[in-house]
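This briefing is meant for a reader who is meeting the structure for the first time. Please keep the sequence and the model in view while reading the points below.

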Amino acid sequence: MTVHVIYGSDSGRTKAAAGKIAAKLDGKVINIKDATVADFEGCDFLVLGSPTYDEGNLQADWADGVDVLAEADLTGKKVALFGLGDQATYPDNFVDALGTLYDAVVERGAEVVGFTDTKGYEFESSTAARDGQFVGLVLDQDNQAGKSEKRIAAWTSQIL
Ligand SMILES: Cc1cc2nc3c(=O)[nH]c(=O)nc-3n(C[C@H](O)[C@H](O)[C@H](O)COP(=O)(O)O)c2cc1C
């Protein structure tokens, strides 16, 4: 099974998480800056990750990346998503980019797997929370770095 882990990252945390996730899934890590339509389509399982910036936005490279994603046909493809954010400083827009990625891949026909519990996080509002669950893995390296290894391990076993 081929796995592509496509991420964007400003300060390296999402890049590091992508590496750990790819190691668990035996996947190839691709920076969204370099990603092509073939990188989205040419795998059995797709994992996408972005931190949230500037009150709810995708990481800057993903701004162009969503245009590439918009050209990809993900009909029936299994996709898992992860997002990084800071619940203490940005409780009103916590990991909103994860919600944006979710809407983008669902629009392309993907079947999203790997929802997680919102328990254990303290925030006011997040577009990544739907019906009481996050639409993917949520990591907060700013406030809960000590929990990330376990969260990654649990999530990757869940989606496998
Ligand atoms: C200017 C700025 C704006 C941010 N805005 C948000 C936000 O709206 N929501 C959120 O959950 N996190 C926000 N964050 C936190 C980052 O998403 C978090 O630090 C993340 O781990 C950074 O990932 P990276 O190292 O891969 O770039 C912001 C951080 C900065 C510096």
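What follows takes up aromatic pairs, salt bridges, surface charge and backbone angles in turn.

The model is a predicted one. Within it, the count comes to 8 aromatic pairs and to 5 salt bridges, and some of each are described here together with the places of their residues.

**Aromatic rings**

- Phe-94 and Tyr-121 form an aromatic pair that is tilted, with 6.1 Å from centre to centre and 45° between the planes.
- Because Phe-94 lies in the loop between β5 (78-84) and α4 (96-107), while Tyr-121 lies in the loop between β7 (116-117) and β8 (129-130), this pair ties together parts that are 27 residues apart in sequence.
- Phe-94 counts as buried, since its relative accessibility is 1%, and Tyr-121 also counts as buried, with a relative accessibility of 12%.
- The two residues belong to a cluster in which ring pairs link Phe-94, Tyr-121, Phe-123 and Phe-134.

**Salt bridges**

- One of the salt bridges joins the side chains of Lys-20 and Glu-149, at 2.9 Å from N to O.
- Lys-20 lies in helix α1 and Glu-149 in helix α5 (residues 145-159), so this pair ties together parts that are 129 residues apart in sequence.
- Lys-20 is partly exposed, with a relative accessible area of 39%, and Glu-149 counts as partly exposed at 47% relative accessibility.
- Another salt bridge is formed by the side chains of Lys-78 and Glu-111, which meet at 3.5 Å from N to O.
- Here Lys-78 lies in strand β5 and Glu-111 in strand β6 (residues 111-113), so the pair ties together parts that are 33 residues apart in sequence.
- Lys-78 counts as partly exposed at 37% relative accessibility, and Glu-111 counts as partly exposed at 39%.
- The side chains of Asp-117 and Lys-119 also meet in a salt bridge, at 3.9 Å from N to O.
- In this pair Asp-117 counts as partly exposed, at 42% relative accessibility, whereas Lys-119 counts as exposed, at 67%.

**Surface charge**

- A negative patch on the surface is formed by Asp-10, Asp-54, Glu-55, Asp-92 and Glu-124.
- Asp-10, one of the residues of this patch, is placed in the loop between β1 (3-7) and α1 (13-25).
- Asp-10 counts as partly exposed because its relative accessibility is 48%, a value that lies between the limits of 20% for buried and 50% for exposed.

**Backbone angles**

- Asp-26 has a positive phi of about 55°, although the residue is not a glycine.
- Asp-26 lies in the loop between α1 and β2 (28-31), and this residue counts as exposed, with 70% relative accessibility.
- Val-95 is likewise a residue other than glycine with a positive phi, in this case near 45°.
- Val-95 lies in the loop between β5 and α4, the loop in which Phe-94 of the tilted aromatic pair is also found.
- With a relative accessibility of 1%, Val-95 counts as buried, whereas Asp-26 counts as exposed.

Key. Residues numbered from 1 in each chain as written. Predicted model: local features only at pLDDT ≥ 70, side-chain atom pairs only at ≥ 80, totals over all residues. Heavy atoms only, no water. Patch = residues over 30% accessible without salt bridge, like charges linked within 9 Å, V, L, I, M, F, W, Y side chains within 5 Å. Areas by Shrake-Rupley, 256 points an atom, 1.4 Å probe, with all protein chains shown as cover. Salt bridge = Lys/Arg side-chain N within 4 Å of Asp/Glu carboxyl O. Lys, Arg positive; Asp, Glu negative; His and termini not counted. Charge placed at Lys NZ, Arg CZ, Asp CG, Glu CD. Helix = DSSP H or I, 4+ residues; strand = E, 2+ residues; numbered from the N terminus. Buried < 20%, exposed > 50% of the residue type's maximum accessible area, 1.4 Å probe, protein only. Phe/Tyr/Trp six-rings, centres within 6.5 Å; stacked < 30°, edge-to-face > 60°.
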